[in-house]
Amino acid sequence: MQTQLADFIRDTPEGREADAILRKCVHCGFCTATCPTYQVLGDDLDSPRGRIYLVKRALEGAPVTEKTRLHLDRCLTCRACETTCPSGVRYGRLVDIGRAVVEKRTRRGPWDRLRRAVLAFGLPRRKVFATALRLGQLVGMAPATRPGGAWPSARHARRMIALRGCVQPALAPSINAAAARVLDRIGVSLLEVPGAGCCGALRFHLNRQEAGRDDMRALIDAWWPMVAGREIEAIVMTASGCGVTVKEYAHLLAADQGYRGKAERIAELTLDLCEVIKPEELPAGKNRGRIAFHSPCSLQHGQQLRGRVEALLTRVGYELVTVRDARLCCGSAGTYSLLQPALAGELRTRKLAALEENAPQAIATANIGCLTHLQGGAALPVRHWIELVDEALA
Ligand code: SF4
Ligand code: SF4
């Protein structure tokens, strides 16, 4: 694709990166076939190809309107288009750059500004979110907390850090506790670091990119003493949505002289939980029941990790049912389900129909956002896969 970026961005790091990405796109449109919003809305401007065009025009200095922002807002950042694209177009990076420009050049209405401000304030702050969740639970408007259970003592020489995160400890402390028990069985002690909170993804994807970077720097500061002291061999992500962000810290903080080196080290050490456990390390089991696995976009597209969770569940005795259109997003996508409820609801309905088609007894996934969103519409229990592995081994 020919480009002529405008003066305001051409010679910046973002401009050079966007230009290189845009030049790779050949307009073939293969990506539209796996774009969830294009499937629902049928408008080319709600497809990756259309959004790439909108970003290109914005970076070339064309007028930016609320309609431009609407089509970018409707993108889930699921990155299914990256998996499909034969030319290697890094759409996720391009849309981040485009969104920052469009956000600066347009003004949202008061209601949109208010709800985004509330989400940006409340979600990354664990105590604020936990209080809001308890209030929601009292009036029956929020899901029940999944209690954690026992956490094994740190008895092994092999040690890893688990990211506690922001919303997961309030909604499902059961997930990290299950991970700690399973890792303990294979000779790894899992630790949580006090003060380690949000990975930055929430505010970054609310187009508060600098505030998101502040969260990233705060998390690096909390982990750094253990990383610098070589006390741990890996940083384990039990939410793939956080994992995809932390793995990109080196890129996201590349312009920050003070943090660039630390960010590179943190990203190198970061692994999804399914990368830490090998199937052969777990005892083989059978007849645990039928499971439909929903692989979050942040796992299968963002981190390009496919088949690993399925292998672990199969190893401990679960039978995995076939899931149609497994590449498609469930509609959760961070705060997307709150900001685009109609589209998110339609995508959830479609996803649940596909997941339930072959009569599973439960649904498994790998990200707290997908889990909570799917559970909100599912008759079947929706679990984190590590909870199922933990139960199989108990
Ligand atoms: S992003 Fe990739 S698949 Fe989509 S139009 Fe461009 S080259 Fe084709
Ligand atoms: S990230 Fe997902 S929703 Fe956005 S354009 Fe790509 S496939 Fe469509």
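This report walks through the cavities, ligands, one open pocket and two buried spots of a predicted model.

## Two cavities, two ligands

Let's start with the enclosed space. Searching the whole structure turns up 2 cavities of 30 Å³ or more. The largest cavity holds about 120 Å³ of space, and the second largest holds about 70 Å³. Neither one is left without a guest: ligand 1 sits in the largest cavity, while ligand 2 sits in the second largest cavity.

## Ligand 1 and the largest cavity

Who lines this cavity? There are 16 lining residues, with Cys25, Cys31, Ile52, Cys85 and Val89 lying nearest the centre. Sorted by class, the lining has 11 nonpolar, 3 polar and 2 charged residues. Helices α4 (48–59) and α6 (80–84) each put at least two residues into this lining, and α4 gives the largest share, with 3 residues.

Now for the ligand itself. The shell around ligand 1 takes in the run Cys25, Val26, His27, Cys28, Gly29, Phe30 and Cys31, then Ile52, and finally Cys85, Pro86, Ser87 and Val89. That shell splits into 9 nonpolar and 3 polar residues, with no charged ones. So in class terms, the charged residues turn up in the cavity lining, 2 of them, but there are none in the shell around ligand 1.

## Ligand 2 and the second largest cavity

The second largest cavity is lined by Cys35, Pro36, Thr37, Pro48, Arg51, Cys75, Leu76, Thr77, Cys78, Arg79, Cys81 and Tyr91. Two elements give two or more residues to this lining, namely α3 (36–41) and α4. By class, the lining breaks down into 8 nonpolar, 2 polar and 2 charged residues.

What surrounds ligand 2? If you've just read the cavity lining, the names will ring a bell: Cys35, Pro36, Thr37, Pro48, Arg51, Cys75, Leu76, Thr77, Cys78, Arg79, Cys81 and Tyr91. Once again α3 and α4 are the elements that give two or more residues to the shell. The shell around ligand 2 counts 8 nonpolar, 2 polar and 2 charged residues.

## An open pocket

Moving on to open space, the second largest pocket offers about 680 Å³. It has 27 lining residues, and those closest to the centre are Glu14, Arg93, Ile97, Gln209 and Arg213. By class, the lining has 12 charged, 11 nonpolar and 4 polar residues.

Several helices chip in here. At least two lining residues come from each of α1 (7–10), α2 (13–24), α7 (91–105), α13 (209–228) and α15 (249–252). Which of them gives the largest share of the lining? That's α7, with 8 residues.

## A buried asparagine

Asparagine 176 belongs to helix α11, which covers residues 173–185. Is asparagine 176 buried or exposed? With a relative accessible area of 3%, against a cut-off of under 20%, asparagine 176 counts as buried.

The side chain of asparagine 176 has polar company, too. Its partner in a side-chain polar contact of 2.5 Å is threonine 238. A polar atom of the asparagine 176 side chain also lies 3.2 Å from the backbone oxygen of leucine 163.

## An enclosed helix

Last stop is helix α23, residues 385–393. Of its 9 residues, 8 are buried, so the helix is largely enclosed by the rest of the structure. The buried ones are Trp385, Ile386, Glu387, Leu388, Val389, Asp390, Ala392 and Leu393.

Definitions and conventions:
Residues numbered from 1 in each chain as written. Chains lettered and ligands numbered in written order. Predicted model: local features only at pLDDT ≥ 70, side-chain atom pairs only at ≥ 80, totals over all residues. Heavy atoms only, no water. Near = heavy atom within 4 Å. 1 Å grid on protein atoms, 1.4 Å probe; cavity = no way out; pocket = protein on both sides within 12 Å on 5 of 7 lines; lining within 4 Å. Sits in = over half its atoms within 2 Å of the grid points. Nonpolar A, V, L, I, M, F, W, Y, C, P; charged D, E, K, R; others polar. Points joined across faces, edges and corners; volume = space filled by probe spheres on them. Helix = DSSP H or I, 4+ residues; strand = E, 2+ residues; numbered from the N terminus. Buried < 20%, exposed > 50% of the residue type's maximum accessible area, 1.4 Å probe, protein only. Polar contact = N/O pair within 3.5 Å; in protein donor to acceptor, adjacent residues only side chain to side chain.
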